[in-house]
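Welcome, and thanks for taking a look at this chain. Please open the sequence and the model side by side, and we will walk through a few places together.

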Amino acid sequence: DGVMAMLCHSVVNVSWFAALDTVFSLGDKATRTFFLRGGELDYITSDGTPLDPKLKEGAWISEATLWTEWRHRGTLHVTTPAQLLWMELQPFARIVCMNPRPWHLSRMYAVSFVESLNRIAHQALTDIFWGDDFFTEHQKEDFHTP
């Protein structure tokens, strides 16, 4: 698919972080969504509790940045050298809007994602959403197109 190729080649970026680096802090305006490609990260929630287990390869961080205004709900520290893939909203949206089908699917997903966020108690919100359950569930129910 052309949209996916354009996202991969012109929107996804790579950054390397050293142990003890801080990727973002509680309350910062979120401008990027991250995908942990390698290394280990510590996420400290707004009440100061470290997320357990530590984030490992495959973790998706701050996805909400793509779908709504977002401020980080915790602090993300690097515990071992890490590689993060990341993308920002504006380049992502520019590419997705080029084709009606990805735009429509993204729009429907965004609505479901924000509705799900709104069902979570404010103090329980984090930048980390575990597993693929949300997408899989909504892909089956909400995104079925004839």
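Let us begin with Lys 56, which sits in the loop between strand 3 (32-45) and strand 4 (60-61). Helices (H or I, at least four residues) and strands (E, at least two) are DSSP runs, numbered from the N terminus. This is a predicted model, in which local features need pLDDT of at least 70 and side-chain atom pairs count only at pLDDT 80 or more, while totals for chains, interfaces and linings use all residues. Residues are numbered from 1 along each chain as its sequence is written, and side-chain values use heavy atoms, with hydrogens and water left out.

Is Lys 56 buried or exposed? With 47% relative accessibility, Lys 56 counts as partly exposed; buried means under 20% relative accessible area, exposed over 50%, and partly exposed in between (1.4 Å probe, protein chains only). Leaving aside residues up to four places away in sequence, Lys 56 touches Leu 36, Gly 39 and Glu 40, where contact means heavy atoms within 4.5 Å. From C-alpha to C-alpha, Lys 56 and Leu 41 are 6.7 Å apart in space and 15 residues apart in sequence.

The loop between strand 3 and strand 4 also holds Pro 53. A cis peptide bond, with omega of about 10°, joins Asp 52 and Pro 53.

Two residues that are not glycines have a positive phi, and the table sets them side by side.

| Residue | Phi | Loop | Relative accessibility |
|---|---|---|---|
| Leu 20 | about 80° | between strand 1 (13-17) and strand 2 | 76%, exposed |
| Ser 62 | about 60° | between strand 4 and strand 5 (74-88) | 0%, buried |

Trp 70 is found in the loop between strand 4 and strand 5. At 8% relative accessibility, Trp 70 counts as buried. Which residues does Trp 70 touch, not counting those up to four places away in sequence? The list is Asp 28, Lys 29, Ala 30, Ala 64, Thr 65, Leu 117, Leu 125, Thr 126 and Asp 127. Trp 70 and Gly 27 lie 43 residues apart in sequence, and their C-alpha atoms are 9.1 Å apart in space.

Now for the helices. The axes of helix 1 (residues 2-10) and helix 2 (residues 89-96) come within 9 Å and cross at roughly 155°. Axes here are lines fitted to C-alpha atoms, for helices over the stretch in contact, and angles run from 0 to 180 degrees between N-to-C directions. Helix 1 and helix 2 are therefore roughly antiparallel to each other (under 35 degrees counts as roughly parallel, over 145 as roughly antiparallel, 65 to 115 as roughly perpendicular and the rest as oblique). Helix 1 contributes Val 3, Met 6, Leu 7 and Ser 10 to the contact, and helix 2 contributes Phe 92, Ile 95 and Val 96.

Finally, a word on confidence. The chain averages a pLDDT (the predictor's confidence in each residue, from 0 to 100) of 86, and 88% of the residues score at least 70. Among the elements of the chain, strand 2 (residues 22-24) has the highest mean pLDDT, 98, and helix 4 (residues 133-141) the lowest, 51. Over residues 142-146 the pLDDT is below 50, and this stretch has 8 contacts in the model beyond near neighbours in sequence. Where pLDDT is low, the predicted coordinates should not be read in detail.
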